[in-house]
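Hi,

Here is the structure I promised to pass on. Have a look at it first, and my notes follow underneath.

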Amino acid sequence: MKYDLIVAGGGPGGLMAAKTAAEDGLKVIVIERKKNIAEINRTCSQVFYIRKKSPTKKRFLSDGYIEPVAIENGFDTMKFVFPGPGFSLEYNGPLKPYYNWIDISPSGYWIYSRRDVLWGFFFQKEAFVAELLASVQKAGAEVWPQTIVMGAENTPEGVKVSVRGKSGEQTLEARKAIAADGLESNMVESLGLNKKRQVLNPVKLVGYELEGVETDLPPFSWANFCIPSINRFMVIFFGQLTGDNTLLSSGSEEVLQKVMKHPKFASWFKHARVIKKTAFAARVRTPIGKPVEGNVVVVGDAGSPVETWIQGAIASAYMAVKAIEKELNGQKGYPQYIDWWQKAFHFNKPDYFRWVVRQFALANAWSDDEEVDYIYNLLQEINKESEGWPQILIDENLDLIKERKPEFYERLQMAYEVAEQMIPKEGS
Ligand SMILES: Cc1cc2nc3c(=O)[nH]c(=O)nc-3n(C[C@H](O)[C@H](O)[C@H](O)COP(=O)(O)OP(=O)(O)OC[C@H]3O[C@@H](n4cnc5c(N)ncnc54)[C@H](O)[C@@H]3O)c2cc1C
């Protein structure tokens, strides 16, 4: 066969898979629908989350990759280090630390879930993907941009992948394939792996990349706004980007415009100018429990409910290639990959969807902006001693909340009860 490995999708997962396999000597082709692979128009916060050995899950809930990762800053190189899978990756693009994570109420009460502690870095996805692409090409893999993967079919010898490009449709054959074509993966769909997955709510986000924002936040902060009068269900979030640019993101442009005109925050945006708009839309699904089907291995977002994070996409790509290499050598590689996939992501844990639906329950429980202000003000005292997400502080202090705001307490309990009914069954 002409190829050992066909990689569907040239995002972080696909490129990492292609780089790893090509550097190990496999004949690889990457199929990507975009013309300019390194151009990213999908909303992304571009945070590299630093993780240590025993993350205090209670304090830092997440939907992404669980295993430890770090950044090593050498004399003239910077490396993302993955001690779990056992690799590191050079990165030479922009990097800015995050020390604070602040939740902000409509009148400006702040809750810190992280204060003066390094919890992550902004890294530029475009620079990261461009570097990966360069190393894929250097390692000798073929890259076909502007080509769509339609689907895959397992054969006794390997896998057939149908693609559509400028010159029409054709079928490529390889011994193995990797599905790294993101959340709405044609590969996953064509193999029937979506059949057992429950489809949940669709998610829509837009992002503004802004210049000229002036806030009163401490430097190197991430912020979430909780303003039910503007937006109840989607957190409005706010972070740093390359140079002095800032990300503002939420469910729609209308929401972003309202935040920028909100009396409490309008001064932040007085001189702000939108320099780039990004968007993201997908259906949330329960994860794929077993990310291997015949000769096809699923990596990154293609098997996740909504995100593996960039670090999870590249870690799974690396692990998938190592599993494939074993299989090509007549050894068993898939069981180890499946086991690793099930443990490496929070979305495979039994409590993940409970956490998701409880977030929506809290969003649903607020009666108005004044109520958020009251509770955040109350929690500010507790927050001096105990850092934590508002949701966690609320859950830990329900007796106090019941005493001070019984009507909110009742609404929240009811919303939590409803939420319990909405927890989907675990992945397929
Ligand atoms: C709002 C938002 C914020 C986020 N913030 C962060 C963050 O701060 N940090 C972080 O690490 N992660 C973050 N993520 C998640 C991160 O963007 C993804 O988890 C990561 O990009 C997954 O990589 P991937 O390679 O699996 O998939 P993708 O990045 O989706 O790449 C898939 C690639 O496949 C291509 N493709 C799709 N279909 C086809 C097809 N049929 N044929 C050919 N090509 C195809 C796509 O064009 C794309 O290039 C965020 C996501 C969202 C939505």
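A quick definition to start: a polar contact is a pair of N or O atoms within 3.5 Å (within protein, one must be able to donate a hydrogen and the other to accept it, and residues adjacent in sequence count only if both atoms are side-chain atoms). By that rule, a polar backbone atom of Trp 309 sits 3.1 Å from an oxygen atom of the ligand. A nitrogen atom of the ligand is 2.8 Å from a polar backbone atom of Val 149, and a backbone N or O atom of Asp 181 lies 3.4 Å from a nitrogen atom of the ligand. On its own the ligand has 1,000 Å² of accessible area (Shrake-Rupley method, 1.4 Å probe), and the protein covers 94% of it.

Before you read on: this is a predicted model, where local features need pLDDT of at least 70 and side-chain atom pairs count only at pLDDT 80 or more, while totals for chains, interfaces and linings use all residues. Residues are numbered from 1 along each chain as its sequence is written, and side-chain values use heavy atoms, with hydrogens and water left out.

Back to the ligand. There are 33 residues around it (a heavy atom within 4 Å), and Gly 13, Glu 32, Val 47, Asp 301 and Ile 310 come nearest. They divide into 13 nonpolar, 12 polar and eight charged; Ala, Val, Leu, Ile, Met, Phe, Trp, Tyr, Cys and Pro count as nonpolar, Asp, Glu, Lys and Arg as charged, and the others, Gly among them, as polar. Helices (H or I, at least four residues) and strands (E, at least two) are DSSP runs, numbered from the N terminus. H5 gives the most to the shell, with three residues.

H1 (residues 12–23) and H5 (residues 309–328) also meet each other: their axes come within 8 Å and cross at roughly 35° (lines fitted to C-alpha atoms over the stretch in contact, with angles from 0 to 180 degrees between N-to-C directions). Contact here means heavy atoms within 4.5 Å, and among the residues making it are Gly 13 of H1 and Ile 310 of H5. The contact has 10 nonpolar, two polar and two charged residues.

Cheers
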